[in-house]
Each structure stands twice: as C-alpha cells, then as structure tokens.
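Reader: Before I plan anything at the bench, I would like to go through the cysteines of this chain with you. Could you take me through them step by step?

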Amino acid sequence: AWTLIDEEVLAGTKEGCEKSGDFLQIGDWRLAPTCETCSSSHLSISSQATGMTSQIFLNVGTDLPGGKGYNGFENLTGGQGLYSTQPIIFGDRAVQIRDWRIRQVRFDLLSVTNENGNVSRIYRSDGTMRGNVKEWGGYVIEDLGEPTCAYLTSSFLQLGDWRFGEIDGHLSVTHKSGQTAMIYRDDGTIHPGPRHGGYNAWSLVDDEVLAGTKEGCDVGAPAAAAPSVSPPPMSTNGMRHA
C-alpha cells in the first residue's frame, strides 16, 4: 500500500508524519534525488551508517564527488531533500527513480540516465566505466517496458545481469560475469574497477523480493537494444582509487 500516491486528505491530519522522498534503499544505502532547490537534478548514492554521500549524479551528464552534503537519508521535511511521494517504478531490467532511470541497455552495459537524455554513468561488464554517451542512455527507448528481471531484496538491487549490492558496509556494482565496476565506500569515497573477486555483489544470497520481479531473469539480453559500437573511454579525473 505504500506504493500508492499520497493524495488529498479527506479526514484527519498528516501532521507528525515524516514526508517520504523518491528513493530506493539497499541495506544501509539509498539512491535518492536530492536538492529540491538546485538548478539541476541530483541523484545521490548515500550511506546511512556514516551520513556520507559517495556519488552525486547531475542531469547535465556529469557527477560530483561525495562528502557530507546531499545525503538521501536527510530529514525530508526540510533541508536538501525532495518532498514528492512518487513511487519507484520497475521496468524491463530497469528501475525509474523520479526523473532518473537505471537500465541495462545491453547485456554488458548498465547506464544511469536523466530523462533529458544525459547519461551520468555507464558501467561495463569488463569492470570499467564510461561517461555521457547518449546512444547508451536509458531513455533511448522511451518505454520503460513490462517489469522483467528487476527487483530489490534486503541486500541488493538486481537489473538483468547487474547488481548493486551491500557488502561489509559498502555498495558494489557488479556484473554477473564477476567484474565489479565500482565500489561506493561508506567513508564517502569511490573505488572504480575493474575488480574481480572481492566485493562481488553476486556473492549475496538471493533472498525475499521486496519489490519488483524475478520473472525473466533466465532470459537473454534485454529488449532495450542499443548501438553495436562500444562507447569511448571515460576520463577518470578526480576519481579516488583504492
């Protein structure tokens, strides 16, 4: 019932109820829009345990380093949070968080895209990443599609052949082949791949589905087709490696 839109009050009062934002929670981590008053849309990856934000994606196709600001766990009744209660929407190996879409656009590529078409991150199955290559955006095919192999458990989010998973307090982005493209640490730093072995989100137990569906996870590539040419390398300026 919490997926329903919070409409007009016919009787009683909402006073004392904490306002909810558009967010997706994976263990102690949140992927959430932040900064209602900013000129550009922000999507933050934040830790509850430390109050640190490891990554902020911007709708101009770039990203900012983490820190203490723009944390998705901030009290959404004020400050930098968002006040909407729009539900999270699952699609074909995809999830939509307000005006942001995380989608497997090909078996080996997962992109983080704003609805304006700018791509802030492309994770690759070889453990590397790319930047704003619009041909690989999650809105190239506008339709989100029927929910297919897109689901959330208490410890990970799975979208097709990709998982965002909480391991030892950190959040890993791992392809089914075993390569981890990024580790978001709870100290607010980021540690890009490629990494094979440690912090593999596919080592997590596939437990109860909290939202979305496992249906279609045994089927091949997603319906969202993309160009056959791989995107160019992304600059790693400003990235902090382990």
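**Disulfides in the predicted model**

Author: In this predicted model, the link of C149 and C217 is right-handed, with 100 degrees about the S-S bond. The pair connects distant parts of the chain, since C149 sits in the loop between β11 (129-130) and β12 (150-152), while C217 lies in the segment after β18 (211-213), and the two are 68 residues apart.

Reader: Is C149 buried or exposed?

Author: Buried means under 20% relative accessible area. The relative accessible area of C149 is 1%, so C149 is buried.

Reader: And how does C217, joined to C149 by a disulfide, count in terms of accessibility?

Author: The sulfur atoms of C149 and C217 are 2.1 Å from each other. The relative accessibility of C217 is 23%, and C217 therefore counts as partly exposed.

Reader: Which cysteine does C35 pair with?

Author: C35 is itself buried, at 8% relative accessibility. A disulfide, with an S to S distance of 1.7 Å, joins C35 to C38.

Reader: What is the handedness of the disulfide of C35 and C38?

Author: C38 is partly exposed, with a relative accessible area of 24%. The torsion about the S-S bond of C35 and C38 is about 80 degrees, so this disulfide is right-handed.

Reader: What is the pairing when the bonded cysteines are numbered in sequence order?

Author: A search of the whole structure finds two disulfides, one joining C35 to C38 and one joining C149 to C217. Numbered in sequence order, the bonded cysteines of the chain have the pairing 1-2, 3-4.

Methods
Residues are numbered from 1 along each chain as its sequence is written. This is a predicted model: local features need pLDDT of at least 70, side-chain atom pairs count only at pLDDT 80 or more; totals for chains, interfaces and linings use all residues. Side-chain values use heavy atoms; hydrogens and water are left out. A disulfide is a pair of cysteine sulfur atoms within 2.5 Å. Buried means under 20% relative accessible area, exposed over 50%, partly exposed in between (1.4 Å probe, protein chains only). Helices (H or I, at least four residues) and strands (E, at least two) are DSSP runs, numbered from the N terminus.
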